[in-house]
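Me: Please take a close look at one part of this model. Pick a single residue, go through its surroundings, then place it in the wider fold.

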Amino acid sequence: MQGPMFLMPPPQIMAQMEAGAFRDLCQHLRERSDQVQNIDLMTVGGFCRNCLAKWMVLEARKFSERLRAGEEFPLILSSDEEKHETIKALDLLGYEEAAHEVYGCMYIEWKKRHQTHSTEDQLRRYKASMPIHAIHDDDILKTKSTVAKLDTLSYCQEHLNREILIQLQASAFRSLCRHLRERSDEVQNIDLMALSGFCRNCLAKWLVIQARTISKEIKNSSIMSSYFCSQQHAVVKILDSFGYDEAARVVYGCGYQEWKDRHQKKDTDEQVKRFDASKELHAKHDKELLATPLSVGVSTAPVEEHRSYASFNTQACTRIPVQHKTFLSNVCCEDIENFGALNKHEYQSIGVRPPMGRTELKLAILTISDRAASNSYITGDLSGPAVEETVIREINHMNSEFKDQEIKLLQVHRDIVPDEIDQIKEVLLKWSGKSQPKSSYDIIFTTGGTGFASRDVTPEATLSVLDRECRGLMSWASVELTNIQPLAGLSRASAGICGSSIIINLPGNPTGAQEVAALLFPLLLHAVRDIDAM
């Protein structure tokens, strides 16, 4: 039986979302005009505010050519006279006029107010980064109109209606996304965040915010809703189901997890320091608006450029089967200890079933992360709740699948500590009953700190408190998961018995932590039985 399907928003709605996200980005940069200099944006991302303006001009030239070629835009232009004036305005639109849209004022005015003198170090880094710089065709950017230069801005503002401007802004947004896709290895999200306070994930979240905004406007019978008539309900349903996963696919050109597996690198200590020092710059996103009111599915189709602006027909939209949802990424720089995508119950293929009879469990989950401990994540800790959700899901599945056994989860306790060996040890000794005998838990999961960075000390802290190490457990897990994700072999996770508890190190990435926990959980139930029998 075919599962639920997801419909991407129709092209004209998608253009409105992209244009809105573009405006959100411009506003974000305007509010940080003094802190975020164009030369530094070019150095880190290969683009700057000026590139955003030039991408708008490029689309103006393309749009003008399509109008001249006779392409019809009935929802945008209602008469031949309006079409003629629009072509004239599109030809007239140059860098200065587009820059006014980006900067919120004339570029020369912005420079006087905010641009600082470049240092020798900035110039050196700028020159070294030239291979990633965006390239713009100066001939295309030249204006084609003979209207007096002093009148250009007012003329464009008068004759480029809202819908035309949306197309230019949306195209500039897509150009930025394409620019970043082509530099996926060179431009890391954490560096963009540290410098400018936004990254690819912010672009995706701004898209989601726009989906919520447009949906609300249609529900409130705004002027936009008149375009869709009886199809309003279908449009609202699609917009309400549009979440971070779908938006990330638009921005990244593929699933976020797939992009991370291919391109994201392990954060260095220096990158993390710069990121932490830049928190005041970071974009803030409304978590309630980002939540998906209606879950329909996830688009897995390649992202295509939007060229058609014809009226929306729901029957013409591609229906895409649902795939496993990823966790909403708070920032670009969460720990890279990802083990790829594992089916919920793929552990059944190894032939391990839970022990017969009744098993009572007390579970503890310790998130080990400097940033989570300092409350640096806007969404808070994600890996701890993800592991708890996985354990509960697996217990429910086993209890329904195997009638000759019952698993009872008596207690779940979660806590967060920074990447400090002494603090990790203190909690593990307490939870295993060694320092507080009445506080022991059967299974203790840790998440985070299993990589190769200097602050990744979870295995060392764990090994220092273990009575007996269980090397085979994590070696087997690594082998199993390496078949799906080769990077799983890079984990330094350990496991073993401490007092009356079994401790298992999981990766810090929420999805990876879920996958390892799901794989090991049936084996751990047998281990708990063995320990209880001692």
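Reply: Contact here means heavy atoms within 4.5 Å. By that criterion, and leaving out residues up to four places away in sequence, Asn505 touches Thr446, Thr450, Thr458, Pro459, Thr462, Met474, Ala493 and Ser494. The model is predicted: local features need pLDDT of at least 70, side-chain atom pairs count only at pLDDT 80 or more, and totals for chains, interfaces and linings use all residues. Numbering starts from 1 along each chain as its sequence is written, and side-chain values use heavy atoms, without hydrogens or water.

Asn505 is buried (under 20% relative accessible area, 1.4 Å probe, protein chains only), with a value of 0%. Its side chain makes two polar contacts (N or O pairs within 3.5 Å, one able to donate a hydrogen and the other to accept it). One goes to the side chain of Thr446, at 2.8 Å. Another goes to the side chain of Ser494, at 2.7 Å.

Now the strand. Asn505 sits in E8, residues 501–506 (strands are DSSP runs of at least two residues, helices of at least four). E8 belongs to an open, mixed sheet of 6 strands, ordered E4-E3-E5-E8-E7-E6. The edges are E4 (405–417) and E6 (468–469), each paired on one side only. Pairing needs at least two DSSP bridges. E7 (495–498) and E8 run antiparallel, joined by 4 bridges. Ile497 stands opposite Ile502 of E8.

Helices cover the sheet too. H20 (421–431) packs on it, touching E3, E4, E5, E7 and E8. H21 (458–465) also packs there, touching E3, E5, E6, E7 and E8.

Conventions
Buried < 20%, exposed > 50% of the residue type's maximum accessible area, 1.4 Å probe, protein only. Axes fitted to C-alpha atoms, helices over the stretch in contact; angles between N-to-C directions.
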